[in-house]
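Student: Hey, can we go through the charged pairs and the cysteines in this one? I'd like to start with the overall count.

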Amino acid sequence: MAFAINEINRNPSILPNVTLGYNLHDNCYSLGVAFRAALSMVSGREEQFTLDESCVGSPPVLGIVGDDSSTNSIAISSILGLYRVPMVSYYATCSCLSDRNKFPSFFRTVPSGAFQVRAMLQIMRRFGWTWTGMLFTDDAYGRDAARSFQSELAQSGLGCLAYVEVLPWDNDPAELQRIVTAMKTSTARVVIAFVYGRYMVNLMEEVVKQNVKGVQWIADLGWVTDPNFQTPRLMPYLAGTLGVAVRQGEIAGLKDFLLKIHPDNDPDNRHENTIVRTFWENAFGCKFAPLPSGWVDAGGGVCTGQENLGTAETTLLDVSELRLEYNVYKAVYALAHALHDMLQCVPGRGPFTGHRCASLQTIQPWQLMYYLEKINFTTSFGDRVSFDENGDPIPIYDVMNWAWLPDGSTYVQNVGVVKKSAHGDEELIVHEDRIFWNFESTKAPQSVCSESCSSGTRVARRKGEPVCCFDCIACSEGEISNETDSTECTTCPEDFWSSPQRDHCVPKSMEFLSYHEALGISLTTISLLGTFTCAIVLGIFIYHRSTPMVRANNSELSFLLLLSLKLCFLCSLLFIGRPKLWTCQLRHAAFGISFVLCVSCILVKTMVVLAVFKASKPGGADIMKWFGAMQQRGTVLVLTFIQAIICTAWLVSASPTPHKNTQYHSDKIVYECAVGSTVGFAVLLGYIGLLALLSFLLAFMARNLPDNFNEAKLITFSMLIFCAVWIAFIPAYISSPGKYADVVEVFAILASSFGLLIALFGPKCYTILLRPERNTKKSIMGR
């Protein structure tokens with residue numbers, strides 16, 4: 001402060017013809033001392049100063065630089081604010097001091113504690129630390145920092161606190177032992193400490209005592225650059241510490257200024273001379289006269305004033321790490337620039353009532369505060385200094401790391417910066433390759449309560465534990481999560497299913513009776529085999545059409561029956577392959593009409609057999625006129641036409657359509673033909689069943705007619721097979737899911753078709769081909 005004021009007084013470009021004075025008070029780490037000192041300065045009750053013959057009295061105090069303690073600053077500024085006396089602190093970080101209603105005249109050159117908290121959260125985010133412990137002191141600064149950190153942590157969702165401990169004021173050993181034991185037993189490997197250095201000393205003694213290693217410390221402003229902790233005894237525990245520190249700056253000429261300090265420089269300034277003499281005694285380990293009793297006998301030296309500061313071993317002459325000092329420097333210049341701007345006011349254009357300007361002779365502190373709010377200048381180091389509406393500066397922190405070299409030497413290195421970005425957020429720039437980690441892996445430690453849940457799982461909170469402690473539960477079938485630490489699984493769309501890893505949705509497999517699978521190939525082969533067999537039988541009958549075996553019982557109906565059987569075999573192919581609208585509409589219509597045509601031919605053949613034997617009896621000659629060739633064709637046509645009408649009505653009213661069924665399998669889509677109308681399908685089957693039952697009954701009645709080759713027996717047997725197949729088909733069809741319903745229907749079609757083909761035409765082909773001697777009218781008639 002003395003250097004800054006001296007530099008300003010020698011600078012003709014700022015406050016020309018004005019000499020600044022100052023008064024220094026030591027707060028002795030006591031609120032009472034600091035409070036009384038501040039009130040005595042602003043109240044004018046300071047001791048009288050005689051500057052020259054025309055200036056006698058208590059000098060006006062226009063502003064105060066300090067205090068460094070948040071607790072002291074709160075108390076002092078609450079009073080100074082009533083009188084609008086500006087107070088510029090260089091180290092009080094409590095975010096509560098940004099409240100302009102309570103502290104209207106408070107300013108500071110150190111960023112608010114709220115920004116410090118957000119800076120630490122950025123470090124946590126960068127290294128993935130979600131499970132941390134927190135220590136703080138029971139004062140205004142510690143309580144405010146802890147409260148702010150907990151609030152910001154909860155809002156950001158970046159992590160949880162494993163424990164929160166308050167360091168005792170009286171350094172109670174039992175309480176410190178309990179706190180360190182909690183740290184040691186906790187799974188959190190990162191500890192954040194909002195603590196002044198003097199409170200950390202006893203804590204670290206207990207840490208050493210319990211040998212608590214493997215902890216990553218995050219230090220606040222209070223001790224991040226404190227050299228008292230960088231000792232060979234503590235570095236095994238504190239090496240690798242990360243933290244945020246006040247922005248470092250350079251003050252040109254400060255070293256030379258300090259080296260010129262001497263107790264005899266200003267003998268008339270008794271107050272300042274006392275401070276210098278105390279410094280001199282501490283620097284050289286000596287005492288000025290009068291000497292304390294027993295001082296010389298105890299081996300103490302006498303200060304002569306001839307000692308050389310250049311050879312003194314004191315950290316007070318080290319200007320390589322100017323942090324708090326740089327903030328003091330900026331605070332003094334802020335007040336000086338405000339006073340300079342005030343004196344540049346043009347009369348008649350001032351900011352006060354009546355456009356008046358403030359006068360140096362009658363200046364009031366509130367007038368200086370008006371200009372202090374608007375200052376904007378750049379230091380020689382290149383930092384811009386200004387205050388926002390809350391009296392806070394442009395926020396920026398250096399990120400510090402404690403390095404420990406193999407030779408035992410230590411140093412605190414700058415590894416990054418946290419500053420406010422253009423978007424108003426905190427921006428962390430850190431050089432990870434330069435960070436020293438005090439772990440065997442030489443990498444950033446892991447500090448999580450629970451490992452992240454990978455894709456395909458969701459977070460399941462543990463009851464009664466912090467949100468960072470959870471279990472990972474695999475997503476259910478049909479659900480996915482494609483993000484880490486997902487709180488819930490997302491259900492896949494209807495046509496999709498979850499992958500085996502449950503991390504993405506895949507299209508459901510489409511299931512239908514395909515030509516490419518073994519079952520489809522087998523059924524297709526059997527269908528074509530049946531069709532080919534029908535063609536061979538038809539060829540045999542055409543070739544032997546003039547023989548009695550073929551001509552018996554209307555060969556035309558036999559040809560038509562073979563043709564209908566061929567259609568029955570072929571219609572089964574409509575049930576194989578990907579369902580389409582036309583195949584769904586055609587399959588049941590073709591099936592129904594083909595089988596009605598087939599059964600109608602069998603029914604007419606049965607009726608003809610009965611009519612022939614009835615006609616052979618007395619009085620039955622007229623019966624054959626009802627069963628001529630035309631009547632037979634007409635009957636088949638009419639019966640088939642009725643089925644065609646049923647099919648048409650079904651297709652028009654409720655046509656079968658392709659349908660994606662997801663009810664059978666959750667991971668598959670069964671592509672099937674919805675029948676549209678169950679009633680239509682039942683009527684179609686019922687009509688076929690009615691004709692088949694009628695044919696069976698008529699054939700059964702004619703089974704014992706006197707013929708060597710009684711076709712009624714063959715029809716009875718064939719209808720028995722046909723009815724058995726289709727009776728068994730109904731429950732099997734209803735209970736079969738998906739494509740297997742089509743398999744059952746195709747199997748019923750093929751089984752019944754083969755049953756009819758073999759039962760009706762097998763014996764005839766056997767006789768025609770292998771027993772031609774029986775293929776005579778005489779043999780057939782049983783004569």
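**Salt bridges and disulfides**

Tutor: A search of the whole structure finds 20 salt bridges, a salt bridge being a side-chain nitrogen of Lys or Arg within 4 Å of a carboxyl oxygen of Asp or Glu. This is a predicted model, where local features need pLDDT of at least 70 and side-chain atom pairs count only at pLDDT 80 or more, while totals for chains, interfaces and linings use all residues. Residues are numbered from 1 along each chain as its sequence is written, and side-chain values use heavy atoms, with hydrogens and water left out.

Student: Which residue does Lys739 form a salt bridge with?

Tutor: Lys739 pairs with Glu517, and their closest N and O atoms are 2.7 Å apart. The pair links distant parts of the chain, 222 residues apart: Lys739 is in helix α20 (residues 739-770), and Glu517 is in the loop between β24 (509-511) and α13 (518-543). Helices (H or I, at least four residues) and strands (E, at least two) are DSSP runs, numbered from the N terminus.

Student: And where do Asp144 and Arg147 lie?

Tutor: Both are in helix α5 (residues 140-156), three residues apart, about one turn of the helix. Their side chains meet in a salt bridge (3.8 Å, N to O).

Student: Is Asp144 buried or exposed?

Tutor: Asp144 is buried, at 8% relative accessible area, whereas Arg147 is exposed at 52%. Buried means under 20% relative accessible area, exposed over 50%, and partly exposed in between (1.4 Å probe, protein chains only).

Student: What about Lys330, which side chain of opposite charge is nearest?

Tutor: That's Asp383, 4.8 Å away, and Lys330 has no salt bridge although it is buried. For charges, Lys and Arg count as positive and Asp and Glu as negative; His and the chain ends are not counted. Lys330 sits in helix α11 (residues 324-343).

Student: OK, cysteines now. How many disulfides does the structure hold?

Tutor: Nine, where a disulfide is a pair of cysteine sulfur atoms within 2.5 Å. One of them joins Cys475 to Cys489 (S to S 2.0 Å). With -80° about the S-S bond, the link of Cys475 and Cys489 is left-handed.

Student: Which cysteine sulfur is nearest to Cys598?

Tutor: The sulfur of Cys568, 5.1 Å away, and Cys598 is in no disulfide. Cys598 is buried, at 0% relative accessibility.

Student: How far is the nearest cysteine sulfur from Cys647?

Tutor: It's 11 Å away, on Cys571, and Cys647 is in no disulfide. Cys647 counts as buried at 3% relative accessibility.
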